[in-house]
Amino acid sequence: MLRTRSRNCRTSRTHPRLAILLACLSMLAQPSSASLDTAAQAAATDTRYERVVPSPDGIGKRYMGREIAGVMGWEGAQWLERESRAREERPELLLRELALGPGMTVADIGAGTGYYTWQLAKGVGPGGRVYAVDVQPEMIRMLDRQMAKRGVRNVVSVLGSETSVKLPPASVDLAIMVDVYHELAYPAEVLDSIVAALKPGGRVVFVEYRAEDPAVAIKPLHKMSERQVRREATAHGLKWERSIGSLPIQHAIVFRKP
């Protein structure tokens, strides 16, 4: 996933369907000094961000009215591959809604261990391609091992940065972020880089835990409302296409590049 460090649990209380989510992923992956310098310069000059007193689950940085959530490091990778995830999130429902086709190029942004990557790779077939983007070299190594273990040959792993997905311009038919966007330290820059990587008419899909649903037992900063997602995406020139409400605890919001 496009994440660099972990401070907080995502869950807010016990929930029978989401008991596994109570695991707290707390180790820190330290960014390089060069990365810190670049981040500091960007924060000093970019008025899109507001510095605030950090909440227990946030980083003390606000974008378009919301505080950015603390992020999960590679030490929590086992949580991404938990046995209960398929039952909790029903990924097959999301994949069906994406309408993948042979030969498509898809970007899995914040791919982590590749939980969705290999399933996307099946959907685009051997003539298609999936870019699996993550900022953590450890995650990239785990993802590469997972793809090799599964015999997946149409995945290209990409080491991105906190500000860019580092994909070729106008190369991607569809980009997807699953429970990632709310934790991006530089959402404006990353979204700009995703838009640049999309082909004209290409789609980007935000998958986030539903903030509108109090029954979703995830801490507030780790959920996003559809209204907030639409506000942020349209500010980057993306056009809302549809919202997918068939997932158990998440919503998927689809936008298209004009």
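Okay, a definition to start with: when I say helix or strand, I mean a DSSP run, at least four residues of H or I for a helix and at least two of E for a strand, numbered from the N terminus. Counted that way, the protein has eight helices and 10 strands. And please keep in mind that this is a predicted model.

A bit of overall context. The protein has 258 residues, and 56% of them count as buried. If you take the contacts with a separation of 6 or more, 71% come from residues 24 or more positions apart.

Let's go to the big picture of the strands. There is an open sheet of seven strands, and the order is β6-β5-β4-β7-β8-β10-β9, with mixed pairing. At the edges you have β6 and β9, residues 239-244, and each of those pairs on one side only. From one strand to the next, the twist averages 20 degrees.

Start at the β6 end. β5, residues 129-134, runs parallel to β6, residues 155-159, and five bridges hold that pairing. If you want a spot to look at, Val 133 sits opposite Val 158 in β6. To get from β5 to β6 the chain goes through helix α6, residues 137-150, and that β-α-β crossover is right-handed. α6 itself lies across β5 and β6, and its direction is at about 170 degrees to β6.

Now walk over to β8 and β10. Those two are antiparallel, with seven bridges between them. One of the pairs there is Glu 208 with its bridge partner His 251 in β10.

While we're on β8, have a look at Arg 203, which lies in that strand. What is the nearest side chain of opposite charge to Arg 203? That would be Glu 241, at 5.1 Å, and Arg 203 is buried yet has no salt bridge. The cut-off for a salt bridge is 4 Å between the side-chain nitrogen and a carboxyl oxygen, so a 5.1 Å separation doesn't make it. Leaving out residues up to four places away in sequence, Arg 203 touches quite a list, including Leu 98, Ala 99, Met 104, Asp 173, Glu 241, Val 254 and Phe 255.

Leu 98 brings us to helix α4, residues 91-98, where Pro 91, Leu 93, Leu 94, Leu 95 and Leu 98 are buried. The cover over those buried residues includes α3, α5, β7, β8 and β10. Then comes Ala 99, right after α4, with a positive phi near 50 degrees.

α5 can be read in a similar way. Its buried residues include Thr 117, Gln 119, Leu 120, Ala 121 and Val 124. They pack against α4, β4, β5, α6, β6 and β7. Just after α5 you find Gly 125, with a positive phi of about 75 degrees.

On to the other sheet. Three strands make an open sheet in the order β1-β2-β3, and the pairing is antiparallel. β1, residues 49-51, and β3, residues 66-69, each have a single partner strand, so one side of each has no neighbour in the sheet. Neighbouring strands here are turned by 40 degrees against each other on average, ignoring direction. β2, residues 58-63, is joined to β3 by three bridges, and Ala 69 in β3 is the bridge partner of Gly 58.

Helix α7, residues 187-197, packs on this sheet, touching β1, β2 and β3, with its direction at about 160 degrees to that of β1. α7 also lies across β4, β7 and β8, running at about 140 degrees to β8. So that's a helix to click on if you want to see both sheets in one view.

Last stop, the loop between β6 and β7. Most residues other than glycine have a negative phi. Lys 166, which sits in this loop, has a positive one near 55 degrees. Is Lys 166 buried or exposed? Exposed, at 52% relative accessibility. Ala 170 is in this loop too, with a positive phi near 50 degrees, and Ala 170 is partly exposed at 42%.

Pro 168 is in that loop as well, partly exposed with a relative accessible area of 36%. Neighbours within four places aside, Pro 168 is in contact with Tyr 131 and Ala 197. And from Pro 168 to Ala 196, C-alpha to C-alpha, is 8.2 Å, with their positions 28 residues apart in sequence.

That's my tour, thanks.

Notes. Residues are numbered from 1 along each chain as its sequence is written. This is a predicted model: local features need pLDDT of at least 70, side-chain atom pairs count only at pLDDT 80 or more; totals for chains, interfaces and linings use all residues. Side-chain values use heavy atoms; hydrogens and water are left out. Two strands pair if DSSP finds at least two bridges between them. A crossover is right-handed if, with the strands pointing away from the viewer, the path from the first strand over the helix to the second runs clockwise. Axes are lines fitted to C-alpha atoms, for helices over the stretch in contact, and angles run from 0 to 180 degrees between N-to-C directions. Contact means heavy atoms within 4.5 Å. Buried means under 20% relative accessible area, exposed over 50%, partly exposed in between (1.4 Å probe, protein chains only). Lys and Arg count as positive and Asp and Glu as negative; His and the chain ends are not counted.
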